[in-house]
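Hi everyone, thanks for making the time. Let me put the model up on the screen, and then we can walk through it together.

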Amino acid sequence: MTTNQFPKNFLWGVAISGHQTEGDNLNSDWCVWEKNGKIEDGSISGEACDFYHRYQADIDSAKSLNLNAFRLSIEWSRIEPTEGKFDEKEIEHYKNVLLYLKQNNFKVFLTLWHFTLPQWLATQGGWENKKTIFYFQRYIEKIVKKFGNLVDFWLTLNEPTMYTGAAYLTGVWPPEKRSFLKTVKVFCKLMEAHKKSYEIIHHLIPEAKVGIAQNVVYFHSPQNPMDKYLSWFFNFLYNKLFYLLTKKYHDFIGLNYYYAYLVSNLNLVKKIKRIIVKSLKKKDLKVEIYPPGIYQVIKMFKKYKIPIYITENGLDDADDKKRPEFIRDHLKWINEAIQEGTQVKGYLHWSLMDNFEWQEGFEPKYGLFEVDYKTLERKPRQSAKFYSEIAKNNRF
Ligand code: BGC
């Protein structure tokens, strides 16, 4: 294998999520929260990209890029809009989406929870409520029974560590709590939710592949020993802790890598103070695009000896000047890790198209396809072509 060649059967794909692309869902906590003027650019997700109705054309676009893997999420709040009442029409809708992916020979990564909760559950305390685990299990059981045979990889949770931080520690996401104790509590609940879901899925489909998508940030530092120690500590806490405590409940490791954080003592102390005293502001999130970081985080997970998938990696780049280089440089480092024996088996780019970027609204542009939010027309950016050539040739 030459250095820029990827292994046979490597998965090349894209990732999206329900709330960020589907549009017109009235029943989730995020839809309610957005309407209170919480989004930085003043928008609400509204119609979003209307993926709900345009999924066939969007899947066709992914196909046109020579891709063979597709990651998407289903919205619990559509499937169970009121407590205990499942909407069979919505389940049918998702079944059709998955069927269409399968007809087009995609390997499907299905996320069961990507940050949003049904509003009825949010009003009962969301992940703080003891009963939520039971509700989550009930929802998952229903889904797996309905379309288990259409899914190749189950992602029970998207970025549990990131979510707990944003929703319960810094409080920039609903339910806007700022409490260390609640952060710990919700983190534990999410671990339990994952373990129980893992068991249910395997009970129903013994050969299923189950995991999570974990947000990983590479913390690193110059020579200062104190900074090095802090970097180690943050890598442990942010990147690894969830995995360590749920170790036996993963058939693969899903990593969402975007950036690194350069730790310098003063900087970090200031940042922690800001997190505790006030809410974390966007300007505090000064981070560096650092492709070698993806290699470092992959190596952190090598010892678990199970397959690794890059379940997200991408860049906010409206004029597409940096995206091709970004993709190439990250792939170069992933390839390096593969050459050294790690089992990285797929790469899913975030995202197929521009979409609703949580509290930042529609401003950030992560898409291989540009979306005109007035007409909802999609146009491929240059990088779509660039990525499709890589997928076609299995090399960059
Ligand atoms: C999330 C996505 C988000 C992306 C870009 C990830 O942490 O899973 O939902 O859009 O980052 O910020």
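Let's start at Leu255, whose bridge partner in strand E7 is Ile310. E6 and E7 pair in the parallel sense, over four bridges; two strands count as paired if DSSP finds at least two bridges between them. The element names come from DSSP runs too, helices being H or I with at least four residues and strands E with at least two, numbered from the N terminus. Before I go on, two housekeeping remarks. This is a predicted model, so local features need pLDDT of at least 70 and side-chain atom pairs count only at pLDDT 80 or more, while totals for chains, interfaces and linings use all residues. Residues are numbered from 1 along each chain as its sequence is written, and side-chain values use heavy atoms, with hydrogens and water left out.

Back to Ile310, which has a partner in E8 as well, namely Tyr347. E7 and E8 run parallel and are joined by three bridges, and Ile308 stands opposite Val344 in E8. How covered are these two strands? In E7, residues 308-312, five of five residues are buried, and in E8, residues 344-349, it is five of six. By buried I mean under 20% relative accessible area, with exposed being over 50% and partly exposed in between, using a 1.4 Å probe and protein chains only.

Now keep going round. E8 is joined to strand E1, residues 11-15, by four bridges, again running parallel, and Leu11 stands opposite Gly346 there. E1 then pairs with E2 in the parallel sense over three bridges, where Val14 has Phe70 as its bridge partner. Five bridges take us from E2 to strand E3, residues 107-111, also parallel, with Ser73 opposite Thr111. You can probably see where this is heading: eight strands close into a barrel, in the order E1-E2-E3-E4-E5-E6-E7-E8, with parallel pairing. Neighbouring strands of this sheet are turned by 30° against each other on average, direction ignored.

Let's stay with E2, residues 69-73, for a moment, since five of its five residues are buried. Which way do they point? Ala69, Arg71 and Ser73 point one way, Phe70 and Leu72 the other, and all are buried. Phe70 has plenty of company: leaving aside neighbours within four places in sequence, its contacts include Val14, Ile16, Phe51, Leu101, Phe109 and Leu352, where contact means heavy atoms within 4.5 Å. Phe70 also ranks among the residues with the most contacts inside the largest nonpolar core, which has 107 residues, alongside Trp12, Leu110, Trp154, Tyr163 and Ile334. A second, separate core has 13 residues, including Phe153, Ala213, Tyr309 and Trp350. For those building their own scripts, a nonpolar core here is a set of buried Ala, Val, Leu, Ile, Met, Phe, Trp, Tyr and Cys residues joined through side-chain atoms within 4.5 Å.

On the other side of our walk, strand E4, residues 153-158, is joined to E5, residues 210-220, by three bridges, running parallel. Trp154 stands opposite Val210 in E5. Tyr218 lies in E5 too, and counts as buried because its relative accessibility is 14%. Among the residues Tyr218 touches are Asn235, Tyr257, Tyr261, Tyr290 and Met300.

And the helices? H10 lies across E4, E5 and E6, running at about 175° to E5. H8, residues 160-169, packs with H10, residues 225-245, at an angle of about 125°, with their axes 9 Å apart. Axes are lines fitted to C-alpha atoms, for helices over the stretch in contact, and angles run from 0 to 180 degrees between N-to-C directions. That pair is therefore oblique, given that under 35 degrees counts as roughly parallel, over 145 as roughly antiparallel, 65 to 115 as roughly perpendicular and the rest as oblique. Pro160, Thr161 and Met162 of H8 meet Leu237, Tyr238 and Phe242 of H10.

Finally, is H8 mostly covered or mostly open? Mostly covered, with eight of its ten residues buried, and the elements covering them include E4, H9, E5 and H10. Just after H8 comes Gly171, with a positive phi near 65°. Happy to rotate the view if anyone wants another look!
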